[in-house]
Each structure stands twice: as C-alpha cells, then as structure tokens.
Amino acid sequence: MIATRNPIGRTLERWAMAYRQRRRRRLGERIMNDLPASLQRDIGWSPTGPARHR
C-alpha cells in the first residue's frame with residue numbers, strides 16, 4: 001500500500017480500507033449463512049444474533 005502524507009489521501013485511504021473490511025465481512029456472513037443449519041450450530045454461528053449490523 002502506498003503511504004500518503006496529505007489529509008485528503010489519508011481520508012480516502014481510510015475510506016477504502018473501511019469499504020474493503022465491510023465487503024469482506026458481508027461476504028463472510030453470506031458464506032456462513034449458506035452453511036447447513038447443523039454446521040452453523042456446531043461452530044456457534046447465529047444468523048439472528050444481536051451483534052449483526054447491516
């Protein structure tokens with residue numbers, strides 16, 4: 001990753017990192033939700049848990 005020194009570049013870099021993190025999290029949630037219910041229970045995944053954000 002390129003290190004930026006100006007405030008606009010840093011802001012854009014932070015925004016891009018946050019976007020990538022949200023995208024990865026959503027992809028992970030979709031993958032986990034597609035697992036069979038028995039496997040979700042075995043690993044402790046609760047698709048309707050209180051900590052889920054959209």
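Helix α2, helix α1 and the chain as a whole

Ala37 lies in helix α2. The model that shows this is predicted. Ala37 has a relative accessible area of 47%, and because the range for partly exposed runs from 20% to 50%, Ala37 counts as partly exposed. Along the sequence, Ala37 and Pro47 are 10 residues apart. In space, the distance between Ala37 and Pro47 is 9.9 Å, taken from C-alpha to C-alpha.

Pro47 comes up again in the surroundings of another residue of this helix. Helix α2 covers residues 37-43, and Gln40 is part of it. Leaving aside residues up to four places away in sequence, Gln40 touches Met32, Asn33, Asp34, Leu35, Trp45 and Pro47. The relative accessible area of Gln40 is 9%. Since buried means under 20%, Gln40 is buried, whereas Ala37 is partly exposed.

The other helix to look at is α1, which spans residues 7-34. Met32, Asn33 and Asp34, which are among the residues that Gln40 touches, have numbers that fall in this span. Helix α1 also holds Trp15 and Tyr19, which are 4 residues apart, about one turn of the helix.

How many aromatic pairs does the structure hold? There is 1 aromatic pair. Trp15 and Tyr19 form an aromatic pair with 5.8 Å from centre to centre and 15 degrees between the planes. Planes under 30 degrees apart count as stacked, so the pair of Trp15 and Tyr19 is stacked. Trp15 has a relative accessibility of 55% and counts as exposed, because the cut-off for exposed is over 50%. Tyr19, at 37%, is partly exposed.

The view can now widen to the whole chain. It has 2 helices and 0 strands. The chain has 54 residues, of which 9% count as buried; Gln40 is one of the buried residues. About 5100 Å² of the chain is exposed, and carbon and sulfur atoms supply 59% of that area.

Note on methods. Residues numbered from 1 in each chain as written. Predicted model: local features only at pLDDT ≥ 70, side-chain atom pairs only at ≥ 80, totals over all residues. Heavy atoms only, no water. Buried < 20%, exposed > 50% of the residue type's maximum accessible area, 1.4 Å probe, protein only. Contact = heavy atoms within 4.5 Å. Phe/Tyr/Trp six-rings, centres within 6.5 Å; stacked < 30°, edge-to-face > 60°. Areas by Shrake-Rupley, 256 points an atom, 1.4 Å probe, with all protein chains shown as cover.
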